[in-house]
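Student: Could we go through this model together, beginning with how far to trust it and then looking at how it is put together?

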Amino acid sequence: MNEHAEHSLEHADHPGYGTFIKVWVALLILTGALVGVSHLGQTYAVWGLLTLTPLKAGLVFYFFMHLKYEGPLLKIVVLVTLGTLLIFFALLFSDVAFH
Amino acid sequence: MSEHVHRDDFGARLGMWLFLVTEIVLFGGLFIGYSYMRYKYPVEFHHGGAELNATLGVINTLVLLTSSLTVVLAIVAIQRAEKKQAMVFLGTTLALGLTFLVIKSFEWAAKFHHGLYPNAPHLGTLPPGEQVFFGLYFTMTGLHGLHVIVGLSLLSVMLWWVATDRIRADRYIHLENSGLYWHLVDVIWIFLLPLFYLAA
């Protein structure tokens, strides 16, 4: 019951077309920037990859996938997953570093 | 028997997200594998990336980003009971998804033509690092391509359901969940672009 009340409340004020079109424009600009920095050399390309790509993914998750408009549970589910991947990543590279 | 139909849209979205995080972990494992191999074979990955057509990769990125936008706009349209608009947006998404697959197939065909395909004799003559690069390239873009096909199938059903009023302003959770799947396919491609096409 509570969930239903919450649902209708949250859906009472939906974002309009404009919000998503702005996000899309931002995604196009970031893609252009990513391609741009990839031509500047290896260091810039790697930094571009490590910063701009997660930023783009974040925009899709937050706006297009409506995480902005969800409660804490779904946000936590996604963060725990990303955290787990990060731990595996760190474990692998800490192992590689000592070989 | 009463006419009460139990509905739990939040539960449905939670279920979809739980499935999506397993997809994130599936691709995440491949991304971690990629990182290690790129660390081990930096020069070979650079050469491998130079073989790929970055322009086609970027065009496909723009195609998928736009298709993600049209899915989310279809949901806005359904919320406002603008059925025709929603159908136009969904139709556009399907067209863009097919465009992605056509571009991808041209790209793969060109690679095959140059003797670059899994287990190809020519591939065997390349340095081990480049073989790993193309192995990951075909595995990851191939698995992604399968997801595009699944996503397009789901969205085709959604278009049909919007047309037949099974999806309406008061009931569109299936469209939302199919949209979530399509956005995840887009996010995976967002990572594939710099890892493969811009690696040179």
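Tutor: The turns below move from the confidence values to the two chains, the contact between them and some single residues.

Student: What kind of model is this, and which residues count for local features?
Tutor: This is a predicted model, in which local features need pLDDT of at least 70, side-chain atom pairs count only at pLDDT 80 or more, and totals for chains, interfaces and linings use all residues. Residues are numbered from 1 along each chain as its sequence is written, while chains are lettered from A and ligands numbered from 1 in the order in which they are written.

Student: What is the average pLDDT of chain B?
Tutor: Chain B averages 95, and 98% of its residues score at least 70; pLDDT is the predictor's confidence in each residue, from 0 to 100. For the complex, the predictor gives an ipTM of 0.92 and a pTM of 0.92.

Student: How many helices and strands does chain B have?
Tutor: Chain B has seven helices and zero strands. Helices (H or I, at least four residues) and strands (E, at least two) are DSSP runs, numbered from the N terminus. The C-alpha atoms of chain B fill a box of roughly 70 × 30 × 25 Å along the principal axes.

Student: And chain A?
Tutor: Chain A has four helices and zero strands.

Student: What share of each chain is buried?
Tutor: In chain B, 40% of the 200 residues count as buried; in chain A, the figure is 21% of 99 residues. A residue is buried if 20 or more other C-beta atoms lie within 10 Å of its own, exposed if 12 or fewer, and partly exposed in between, with C-beta atoms placed from the backbone.

Student: How many residues does each chain bring to the contact?
Tutor: Chain B brings 32 residues and chain A brings 33; two residues are in contact if their C-beta atoms, placed from the backbone, lie within 7 Å. On the side of chain B, the elements giving two or more residues are α1, α3 and α7. Of these, α1(B) gives the most, with 13 residues.

Student: What classes of residue are on that side of chain B?
Tutor: There are 23 nonpolar, five polar and four charged residues. Here Ala, Val, Leu, Ile, Met, Phe, Trp, Tyr, Cys and Pro count as nonpolar, Asp, Glu, Lys and Arg as charged, and the others, Gly among them, as polar.

Student: Which residues touch the most other members of the largest nonpolar core?
Tutor: They are A:Phe20, B:Ala74, B:Ile78, B:Leu90 and B:Leu192, in a core of 70 residues. Such a core is a set of buried Ala, Val, Leu, Ile, Met, Phe, Trp, Tyr and Cys residues joined through C-beta atoms within 7 Å. Elements giving two or more residues are α2 (17–38) and α3 (42–64) of chain A together with α1 (9–40), α3 (54–79), α4 (83–113), α6 (128–163) and α7 (173–197) of chain B. The largest share, 16 residues, comes from α7(B).

Student: What does B:Leu90 touch?
Tutor: Leaving aside residues up to four places away in sequence, B:Leu90 touches B:Ala74, B:Leu155, B:Met158, B:Leu159 and B:Val162.

Student: Turning to α3(A), where does it bend?
Tutor: α3(A) bends by about 30° at A:Leu49, the bend being the angle between axes fitted to the seven residues ending there and the seven starting there. Its buried residues include A:Gly48, A:Leu52, A:Lys56 and A:Phe61. The cover over the buried residues of α3(A) includes α2 and α4 of chain A together with α3 and α7 of chain B. After this helix comes A:His66, whose phi is positive, near 65°.

Student: Is α4(A) covered or bare?
Tutor: α4(A) is hardly covered, with one buried residue among its 26. Its end C-alpha atoms are 36 Å apart, which agrees with the 38 Å that 26 residues should span at 1.5 Å a residue; the expected span is 1.5 Å times one less than the number of residues.

Student: Why does B:Thr141 count as buried?
Tutor: B:Thr141 is buried because 22 other C-beta atoms lie within 10 Å. B:Thr141 lies in helix α6 of chain B, and its C-alpha is 9.5 Å from that of B:Ile188, 47 residues away along the chain.

Student: And why is B:Leu126 partly exposed?
Tutor: B:Leu126 counts as partly exposed because it has 19 C-beta neighbours inside 10 Å. B:Leu126 is in the loop between α5 (121–124) and α6 of chain B.
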